[in-house]
Amino acid sequence: MQIKIPFTKSKVQTINRPPGLDYDHIPKHVAIIMDGNGRWAKNRGMPRIAGHKEGMGVVKKIVRHASDLGVQALTLYAFSTENWKRPKNEVEFLMKLPVDFLGTYLPELIERNVQVQTIGDVSLLPPHTRNAIEEAIERTSENDGLILNFALNYGSRYEMVNAVKEIAAKVETGEISASEVTEEMFSSHLYTSDLLEPDLLIRTSGEQRLSNFLLWQLAYSEFWFTEVYWPDFDEALFEKALYDYQNRKRRYGGI
Ligand code: V07
């Protein structure tokens, strides 16, 4: 079904909403581990970085589609705290991808009313990477459509230890007592404090683990895995993940 919706003050955009999905129950927040880029390249006799580049193109397609389907937040695991251990040339290439991506795609993100955010310690990224990301955050900060949240230099255990340190400091100064610490307080000290918890986690390329991604936040999320490598992931598979999500009976523990 094609629906015309006003998406900026001045323009009307035609969005693509295929049949089959229940548009009243689209997951509000989808998180994705975009795995298999290196293996995709290797299978083609190409260098790993070629897989990363191809994967970046898929990010653009999925952002468009998530926005069309009415997803409110999309969190993408772009670079983990462990990824620094990769060869220097690969890390350097990865650090250019945000610059490349935003250089060609920021105008469309602005047009589509997408808001760019990050989680992770971005202060440790090289200046050219940080500058491009900060510009995108700044120029999309007034947008109120899809939140496009990139996890960059992100590690969940580090995030949680950091939350513990911040809360412990408050206990030390006497601002709160240890017995007053709650789950809500802990959550409010995570990078994701302004986001809803993910409803759905997608991981590509056949691996079925969390790899230090959103350990706390995924406590009640549905997990969806595919053997497909990220560079081969597409709109139809994204829809399949949402379709399967909608067909699972959701239970939050207990009865
Ligand atoms: C990266 C492409 C997707 C596959 C997984 C790894 C490689 C988009 C970004 C990006 C990040 C911030 C931003 C805009 C775009 C990105 C890295 C790697 C480090 F504001 N794709 N992508 N960043 N890959």
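**Exercise 1.** In this predicted model, decide whether Asn-153 is buried or exposed, and state what its phi angle is.

*Solution.* Start with the place of the residue: Asn-153 belongs to strand S6. Next, take its relative accessibility, which is 5%. Buried means under 20%, so Asn-153 counts as buried. Last, look at the backbone. Most residues other than glycine have a negative phi. Asn-153 is not a glycine, yet its phi is positive, about 50 degrees.

**Exercise 2.** Do the same for Asn-212: find where it lies, classify its accessibility and give the sign of its phi.

*Solution.* Asn-212 sits in the loop between S7 and S8. Its relative accessibility is 16%. The cut-off for buried is under 20%, so Asn-212 counts as buried. Its phi is positive, near 65 degrees, in a residue other than glycine.

**Exercise 3.** Describe how helices H3 and H4 pack: give the angle and the distance between their axes, name the class of the angle, and list the residues that meet.

*Solution.* Two packed helices are described by the angle between their axes and the distance between the axes. For H3 and H4 the angle is about 20 degrees, and the axes are 8 Å apart. Angles under 35 degrees count as roughly parallel, so H3 is roughly parallel to H4. The crossing of H3 with H4 is left-handed.

The contact is made as follows:
- From H3: Met-95, Lys-96, Pro-98, Val-99, Leu-102, Leu-106 and Ile-110.
- From H4: His-128, Thr-129, Ala-132, Ile-133, Glu-135, Ala-136 and Arg-139.

Sorted by type, the residues of this contact are nine nonpolar, two polar and three charged.

**Exercise 4.** Take one residue of that contact, Arg-139. Is Arg-139 buried, partly exposed or exposed, and which residues does it touch beyond four places away in sequence?

*Solution.* Arg-139 is in helix H4. Its relative accessible area is 48%. Buried means under 20% and exposed over 50%, with partly exposed in between, so Arg-139 is partly exposed. Setting aside residues up to four places away in sequence, Arg-139 touches Leu-106 and Ile-110. Arg-139 and Leu-106 are 33 residues apart in sequence, while their C-alpha atoms are 8.8 Å apart in space.

**Exercise 5.** Repeat the description for helices H2 and H7: what are the angle and the axis distance, and which residues meet?

*Solution.* H2 covers residues 48–69 and H7 covers residues 235–247. They pack at an angle of about 45 degrees, and their axes are 10 Å apart. That makes H2 oblique to H7. The crossing of the two helices is right-handed. From H2, the residues Lys-61, Ile-62, His-65, Ala-66 and Leu-69 take part; from H7, Glu-235, Phe-238, Glu-239 and Leu-242. By type, this contact of H2 with H7 has five nonpolar, one polar and three charged residues.

**Exercise 6.** Find which elements supply the largest nonpolar core, and which residues in it touch the most other members.

*Solution.* In soluble globular proteins, nonpolar side chains tend to be buried together. The largest nonpolar core here has 46 residues, and those touching the most other members are Ile-32, Leu-74, Leu-109, Ile-202, Phe-233 and Phe-238. Strands S3, S4, S6 and S7 and helices H2, H3, H4 and H7 each supply at least two residues of this core. The largest share, 10 residues, comes from H3. A second, separate core has 10 residues, including Ala-31, Ile-33, Tyr-154 and Leu-214.

Now examine Leu-109. Apart from neighbours within four places in sequence, Leu-109 is in contact with Val-63, Phe-101, Leu-102, Val-114, Val-116, Asn-143 and Leu-148.

**Exercise 7.** Classify the accessibility of Phe-225 and of Glu-175, and state where each residue lies.

*Solution.* Phe-225 is in strand S8. Its relative accessibility is 27%, so Phe-225 counts as partly exposed. Outside its neighbours within four places in sequence, Phe-225 contacts Arg-203, Glu-207, Gln-208 and Arg-209. From Phe-225 to Arg-203 there are 22 residues in sequence and 5.1 Å in space, C-alpha to C-alpha.

Glu-175 lies in the loop between helices H5 and H6. Its relative accessibility is 55%, so Glu-175 counts as exposed. Glu-175 and Ser-67 are 108 residues apart in sequence and 41 Å apart in space, C-alpha to C-alpha.

Notes: Residues numbered from 1 in each chain as written. Predicted model: local features only at pLDDT ≥ 70, side-chain atom pairs only at ≥ 80, totals over all residues. Heavy atoms only, no water. Axes fitted to C-alpha atoms, helices over the stretch in contact; angles between N-to-C directions. Helix = DSSP H or I, 4+ residues; strand = E, 2+ residues; numbered from the N terminus. Parallel < 35°, antiparallel > 145°, perpendicular 65-115°, else oblique. Left-handed = near helix turned anticlockwise from the far one by under 90°. Contact = heavy atoms within 4.5 Å. Nonpolar A, V, L, I, M, F, W, Y, C, P; charged D, E, K, R; others polar. Core = buried A, V, L, I, M, F, W, Y, C linked by side-chain atoms within 4.5 Å. Buried < 20%, exposed > 50% of the residue type's maximum accessible area, 1.4 Å probe, protein only.
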